[in-house]
Structure formats: C-alpha cells, structure tokens
Amino acid sequence: MLRRAKPKNAASKRALKKREPVIEESVKQALFVKGSSTSEVVLDALKDLYALRRTTSVYFSKKNDLHPFDDSRPIEFLSTKNNTPLIVLASHSKKRPHCLTFMRTFDHQILDMFELFISRSLPMDAFEGNKPAIGNRATVVFNGDLWEVDDTFGKLKNSLLDLLGNASSSNKGLDKVNLKGIDHVISCTVDTDRVVHLRVYMILLKKSGSKLPKVELEECGPALEMTLGRTRFADDSIYAEAFKVPAELKTKKVKNIERDEMGDKLGRIHMHKQDFSKLQTRKMKGLKRGGSAEEDEEEEAAEETPRSQRERDGQNTKRIKK
C-alpha cells in the first residue's frame, strides 16, 4: 500500500481532493506504456489501442523498465501520478513474446492484471477506408460462453469493457442514443481454445427507404488474436469494495411494486377480508340448495308483508286527500 502524504499547502490539498472518490465518476483515464524491450507487433497493437481512446489516455513514448508481476510499486506510482486507473504495458521477450499486460487499480493499488500474448495481428494501417473519429465511443460486443462461465474470463471481460467502452457512470440508464456519435463496433470473441479475437468494424448507415437506416459493418482494424497468460487478482474484499454502489445511486424499492421478466410493472393491493354472508344478492328459488316447505312459505310471507303494507298506506293517503 502506498503512503499517503499530508498536504503541505493549498495547491496540494486541492490536488488530493480531486483524487478522492466521488458519487458519479468521470471517464476513466488510461495509461499506455512501453516496456524495456518491445517488438514491432506489440508496438503497433499498443498504438492502435491508444488511438481508439486518444482523448482519455496518456501515452508514454519512452521505454520503462517495468515488471508488474515481480514488483507492482512502480506501476502504482505511475497510476497515482497520472491519475490513470487503467494501464496497458507492451513488452517482448523470448519467454513471453508480443505481450500486452492489462491492469486496473483501485485506491491506487493493483486490482487485477492479465497477460495476453499476440499470436496474430493486423494493424489499423493495413485496412483501407474510414477510421473511428476521435472522441466517439464504441459499441462493445462480447461473443462466447467463456465470458460468462469462466471466472477469469469474466474478470477479463470487465477489464476490457473498462478500457474499450470508454464510458462514465453518469451515462448509465440513457434512453436515447445519437447514431452519428457511434461509428464503430469492437467485437471480442473467445473460442473453445481460449483464444481471444479482437476485431474493430466501422458502422455504415445507408438509405433503406424507411425511417431507420440500413446498417452495414466494414472492418477497419486492428485485428488481434491473443492467448491468455499469467493473471493476478486482489482479495475478494477489495473487489467487493471496488464494486460497491453508493447509497445515493441505489434505487429505492417501492413497497408492493415489482416488475416481471418482460419489464411490466405489477402492483399488489391489500384489502380487508370480506364477509360473504352479509353480501346482498338477488334471491331466486332455483338457486336454493334445498329446505323445508315451511321455511319457503315463511320467506314468501316475509317478502309479501312489505308490499301489502305499502298498499294499505297508499289507500290511507287517498282517503285523506278526499
């Protein structure tokens, strides 16, 4: 754990305050670093990944002697100094050729690390046509069962989504999307041989004769095929703290209201118990379950009594008028 220095003046106090956790995070910054020894293949991949999120990244052109699996303190120092929780390190050696190391930090400490060895690659310059515009966000698609079944690939999916998605927490739950602002798709596919295929496609909107345009995809690069190497994860308690949702952002549960699988809103109403014995219904002889003849005669007499009483009352009123 890094030592947290106390601010000595107002400027350092403001700088430390900017690094404090907030309720709604901005876009995560990424740091792209060269290792002590690199190859042309891994450098092209590093530059192309940097080009996909140029506006929210920092690129170090000089080489740095970094070995995160042996000593993570230099990486944590660079992450803290540049305020970049996402780091991508390019390195090359005989034992680990064409290696890209994807790292994430939480509270200026390493959260997870993944080594991906490039077995086949085509840089962005090898493809003709338009390239993604600077500042536009990508649509990230994950294909393959291993992303959901395997715990290691599930965490790798989360790390790639943070790096390639380039979104902030304030953009969650949007109900409208500007089609012109989404011009490329990043596809991450893992096959049964545990090989990760990364492809980037441009989105072409063409006329379709209707209100909705016709969508076509055109590959624009880079194209990478990578195999998973070494991994390192923080403790489960640190992961729980990293994925903790603030109380201000949690949706309050409304009592007796829920939603089904289709998203329809269902409500539950509680009523007092009804006494059906006092419920007034239309009396019919055919609906009676049975009874003695004497009871039927008594009920008929009870029904006729009010009628005869009303007739006598009517005659009395006529006599008074006369």
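This report walks through the charged contacts, aromatic rings and surface patches of the structure above.

The model is predicted, so local features need pLDDT of at least 70 and side-chain atom pairs count only at pLDDT 80 or more, while totals for chains, interfaces and linings use all residues. Residues are numbered from 1 along each chain as its sequence is written, and side-chain values use heavy atoms, with hydrogens and water left out.

**Salt bridges**

Let's start with opposite charges. A salt bridge is a side-chain nitrogen of Lys or Arg within 4 Å of a carboxyl oxygen of Asp or Glu. The structure holds 14 salt bridges, and the table shows three of them, including the N to O distance.

| Salt bridge | N to O distance |
|---|---|
| Lys28 and Asp162 | 3.3 Å |
| Glu148 and Lys157 | 2.7 Å |
| Arg199 and Glu225 | 3.5 Å |

Which parts does the pair Lys28 and Asp162 tie together? Lys28 lies in the loop between α1 (10–18) and β1 (30–34), and Asp162 lies in helix α5 (residues 151–165), so the salt bridge ties together parts that are 134 residues apart in sequence. Helices (H or I, at least four residues) and strands (E, at least two) are DSSP runs, numbered from the N terminus.

How well covered are these partners? A residue is called buried under 20% relative accessible area, exposed over 50%, and partly exposed in between (1.4 Å probe, protein chains only). Lys28 is partly exposed at 30%, whereas Asp162 is buried at 18%. In the second pair, Glu148 is exposed at 62% and Lys157 is partly exposed at 21%.

The third pair connects two strands: Arg199 lies in β8 (residues 195–206) and Glu225 in β10 (residues 223–233), so parts that are 26 residues apart in sequence are tied together. Arg199 is buried, with a relative accessibility of 16%, and Glu225 is buried at 18%. Salt bridges that share partners also join Lys28, Arg104, Asp112 and Asp162 into one network.

**Aromatic rings**

A pair of aromatic rings is described by the distance of the centres and the angle of the planes. Rings of Phe, Tyr and Trp (its six-membered ring) pair if their centres lie within 6.5 Å; planes under 30 degrees apart count as stacked, over 60 as edge-to-face and the rest as tilted. The structure holds six aromatic pairs. One of them joins Phe142 and Trp147 edge-to-face, with 5.3 Å centre to centre and 75 degrees between the planes. Phe142 is buried at 18% relative accessible area, and Trp147 is buried at 3%.

Tyr239 and Phe243 form a stacked pair, 6.0 Å centre to centre with 10 degrees between the planes. Here Tyr239 is buried at 8%, whereas Phe243 is partly exposed at 43%. Elsewhere, Phe32, Tyr50 and Tyr59 form one aromatic cluster.

**Surface patches**

Patches are made of residues with over 30% relative accessible area and no salt bridge; like charges are joined within 9 Å, and nonpolar side chains (Val, Leu, Ile, Met, Phe, Trp, Tyr) within 5 Å. Which residues gather in a patch of negative charge on the surface? They are Glu258, Asp260, Glu261 and Asp264. Glu258 lies in strand β11 (residues 257–259) and is partly exposed at 47%.

A nonpolar surface patch is formed by Val177, Leu179, Leu205, Val215 and Leu217, with about 470 Å² of accessible area together. Accessible areas come from the Shrake-Rupley method with a 1.4 Å probe. Val215 is found in strand β9 (residues 214–219) and is exposed at 52%.

Terms used
Lys, Arg positive; Asp, Glu negative; His and termini not counted. Charge placed at Lys NZ, Arg CZ, Asp CG, Glu CD.
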